[in-house]
Amino acid sequence: MYTILCALPQGVIFVPLLSYIKGMIKITLPDGSIKEHENGVTPMEVAKGISEGLARNVISASFNNVTIESTTPLTEDGGLILYTWKDSEGKKAFWHSTSHVVAQALEELYPGIKLTIGPAIENGFYYDVDFGEQSISEKDFPAIEKKALEIARGKHDYKMRSVTKAEALSYYKAQDNQYKVELIENLEDGTITFCDHSTFTDLCRGGHIPNTGIIKAIKVLSVAGAYWRGDENNKQLTRVYGTSFPKQKELTEYLELLEEAKKRDHRKLGKELELFTFSKKVGQGLPLWLPKGAALRERLEQFLKKAQKKAGYEMVVTPHIGQKELYVTSGHYAKYGEDSFQPIHTPKDEEEFLLKPMNCPHHCEIYNSSPFSYKDLPIRYAEFGTVYRYEQSGELHGLTRVRGFTQDDAHIFCTPDQLNDEFKKVIDLSLYVLGSLGFENFTAQVSVRDLEKPEKYIGDTDNWEKAEQAIINAAEEKGLNFVVETGEAAFYGPKLDFMVKDALGRQWQLGTIQVDYNLPERFDLTYKGSDNELHRPVMIHRAPFGSMERFVALLLEHTGGNFPLWLIPTQAIVLPVSEKHEKYAEKVLNSLENHEIRALIDNRNETVGKKIREAELKKIPFMLIVGEQEEAAETIAVRRHGGEDFGSISLSKFSDLVSTEINSTLKSF
């Protein structure tokens, strides 16, 4: 055994080296390398051991999958991830930390307010506040920002400390803050922590940047009403939304992006392009599709139906309601029943129906209506099925969050041996859909269970493992760029989601594919195998669009209303120079229709200039001007949306131009 010398007042003694290194712990980094450090080392100190440059940029960390501060002492072996501003978890810590600063500013500016919760969200944070008799509006934002930045410049450290449940309750009861008291009453003693910075204290689980000085730019974006804990029966609070950045330049760029996003807001464009509307009399979250929107939607459906037919799908139709027992069997009622539309009671005693929240239970019953053998499989049922879910009114948002929506749903019933090939075929179909609509920048996300929360899921552990591995195998074989996200699986099975970046760099989930061993079990689905015995099929759920409503909304914002030429309701508009050219304009329109080009005539008594300006606002791709010269030569003067001038060309040449553009984006499946 090696020894070291240790000088003490009593003299020099020998200490075994093994006893000396008992105070060491092993830190495993994401690249698999292992670093030995003294017990009590902080993530920031680990970062300094790697490089001073890294240490300057580290703002938070996680240890053994638990979010911690960069100053938290590490006292056991484990895996450490260091986060900077470039990481999503780093941004989350940054924005959550800023919510504390803004909360302090609000308390100083509006004495007597009651704070509730202030989490990080995508691109920022919010804080829900009970302002009592006070209120804030947009004119107050500059003062709040000024006070928050003043606090941030103090470079106050964020310090976590544990408190007993009694101490926590006493603190907030003294402030008469019933909201924090309610939160604390639902926490276990020994798990409660406070976060302090400057003169401010907040109930908090943690996940902060080292100090407030890292925050260089703060913007209060908006205020809105929000019910306490999302319950309409509770008091309505004021939700203060904001964002922050480590550099003023980044905030400026972000605000410019927000302005562009406002121009592309699907609610604004949907109204301008006359695609959809809402009616209070019909009900919140229930969109009404106008003729142009219905035509657009129909074209999307036909596009997918054509590809599905080639892929061997059969269309089915199911009702908008089903007996409550159907959704009890599927497990949907237990998971979502309280948040759904309430049961419909019929004149018959104890007979209850629900508005359909999902299509899959209905498709299971269609499968069950006939016996199948292994030779019949796979069976692929597809439906554009409308479903209904009671979203809270405060969460409704245009077409992206509605109460009634149509899913491009399909369910594949296959043998376990067919699962891999079928899943890869669905990936191919999803990529075809995304590519044809201009969504080229995406990451695939494999969403799996959270093993620490088994109560969130139904079904056998072995089946879950098989399903998760099947998705990972298929994603690898297709060469997808994918990440694995724990805890994002559906309650009945894991899934593959396509996380798409739009033209503004925002990320959206578009299209999903799920592997399900559980519903076949719950509905007792079978097929006769080659051994003449009954076996359980595997079920694949898939929806490349997700829902027609949400997909159209995201497509509107991605394209700014400039839809792909094959999809847009009106591809061209004929603009006669004067009344005497209307007959020729009619002839041009007939020719366009013969070439299957969707067109209109604007024969109003207005100048061509005004007609062009209005066609630009309606984002019509081609303006075809016809006057004396064009009529004499049997041509059209073609102007592209945005200003490109093609000059006078023949109708056949224009038809070729349209066909070429469509074929370049809409490839055959």
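# A guided tour of the predicted model

Begin by selecting helix α2, residues 43-50, where Pro43, Met44, Val46 and Ala47 are buried. These four residues cover an arc of only 160 degrees around the axis, which puts them on the same side of α2. If you then show what covers the buried residues of α2, you will find, among other things, β4 (34-38), α3 (52-57), β5 (60-63), β6 (66-68) and β7 (78-83). Bear in mind throughout that this is a predicted model.

While β5 and β6 are displayed, select Asn65, which is placed in the loop between these two strands. Its phi is near 65 degrees, a positive value in a residue other than glycine, and Asn65 is exposed, with a relative accessible area of 77%.

**The whole protein**

Zoom out to the full chain, in which the secondary structure comes to 21 helices and 35 strands. The C-alpha trace spans about 115 × 75 × 60 Å along its principal axes, and 48% of the 669 residues count as buried. Among contacts with a separation of 6 or more, 68% are accounted for by residues 24 or more positions apart.

**The nonpolar cores**

Next, select Leu437, Leu496 and Phe654, which have the most contacts inside the largest nonpolar core, a set of 77 residues. The largest share of this core, eight residues, comes from helix α14, residues 419-436. Apart from this core lies another, of 36 residues, and Phe94, Ala105, Phe141 and Ala152 are among them.

Staying with Leu496, and leaving aside its neighbours within four places in sequence, display its contacts: Phe423, Ile427, Ala444, Gln445, Val446, Ile471, Leu480, Gly511, Thr512 and Ile513.

**Helix α14 and two other helices**

Add helix α15, residues 461-477, to the view of α14; the axes of these two helices come within 9 Å and cross at roughly 55 degrees. α14 and α15 are therefore oblique to each other, and α14 passes α15 in a right-handed crossing. To see where they meet, select Leu419, Asn420, Phe423, Lys424 and Ile427 in α14 together with Ala470, Ile471, Asn473, Ala474, Ala475 and Glu477 in α15.

Now replace α15 with helix α10, residues 291-310, whose axis comes within 11 Å of that of α14 and crosses it at roughly 150 degrees. α10 and α14 are therefore roughly antiparallel to each other, and their crossing is right-handed. The contact is made by Phe303, Leu304, Ala307 and Gln308 of α10 and by Leu429, Tyr432, Val433 and Ser436 of α14.

**Helix α19**

Move on to helix α19, residues 608-617, and colour its buried residues, which are Val608, Lys611, Ile612, Ala615 and Glu616. Seen down the axis of α19, these buried residues fall within an arc of 140 degrees, so they line one face of the helix. On the other side of α19, Arg613 and Leu617 are exposed. The cover over the buried residues of α19 includes β31 (572-576), β33 (622-626) and β34 (635-640). Following α19 is Lys619, whose phi is positive, near 60 degrees.

**Stops in the loops**

Select Gly118 in the loop between β8 (114-115) and β9 (120-121); at 10% relative accessibility, Gly118 counts as buried. Not counting residues up to four places away in sequence, Gly118 touches His96, Ser99, Tyr126 and Tyr127. A C-alpha to C-alpha distance drawn from Gly118 to Ser99 should read 5.8 Å, although the two are 19 residues apart in sequence.

Glu350 is the next stop, in the loop between β20 (344-345) and β21 (352-355). Its phi is near 60 degrees, a positive value in a residue other than glycine, and at 83% relative accessibility Glu350 counts as exposed.

Continue to Pro378, in the loop between α13 (360-368) and β22 (379-388), and inspect the peptide bond that joins Leu377 and Pro378, which is cis, with omega about 5 degrees.

Finish at Ser530, in the loop between β28 (527-528) and β29 (534-535), which is exposed, with a relative accessible area of 65%. Ser530 and Ser373 are 157 residues apart in sequence, and their C-alpha atoms are 8.0 Å apart in space.

Terms used
Residues are numbered from 1 along each chain as its sequence is written. This is a predicted model: local features need pLDDT of at least 70, side-chain atom pairs count only at pLDDT 80 or more; totals for chains, interfaces and linings use all residues. Side-chain values use heavy atoms; hydrogens and water are left out. Buried means under 20% relative accessible area, exposed over 50%, partly exposed in between (1.4 Å probe, protein chains only). The arc is that of the directions from the helix axis to the C-beta atoms. Contact means heavy atoms within 4.5 Å. A nonpolar core is a set of buried Ala, Val, Leu, Ile, Met, Phe, Trp, Tyr and Cys residues joined through side-chain atoms within 4.5 Å. Axes are lines fitted to C-alpha atoms, for helices over the stretch in contact, and angles run from 0 to 180 degrees between N-to-C directions. Angles under 35 degrees count as roughly parallel, over 145 as roughly antiparallel, 65 to 115 as roughly perpendicular and the rest as oblique. A crossing is left-handed if the near helix is turned anticlockwise from the far one by less than a right angle, and right-handed if clockwise.
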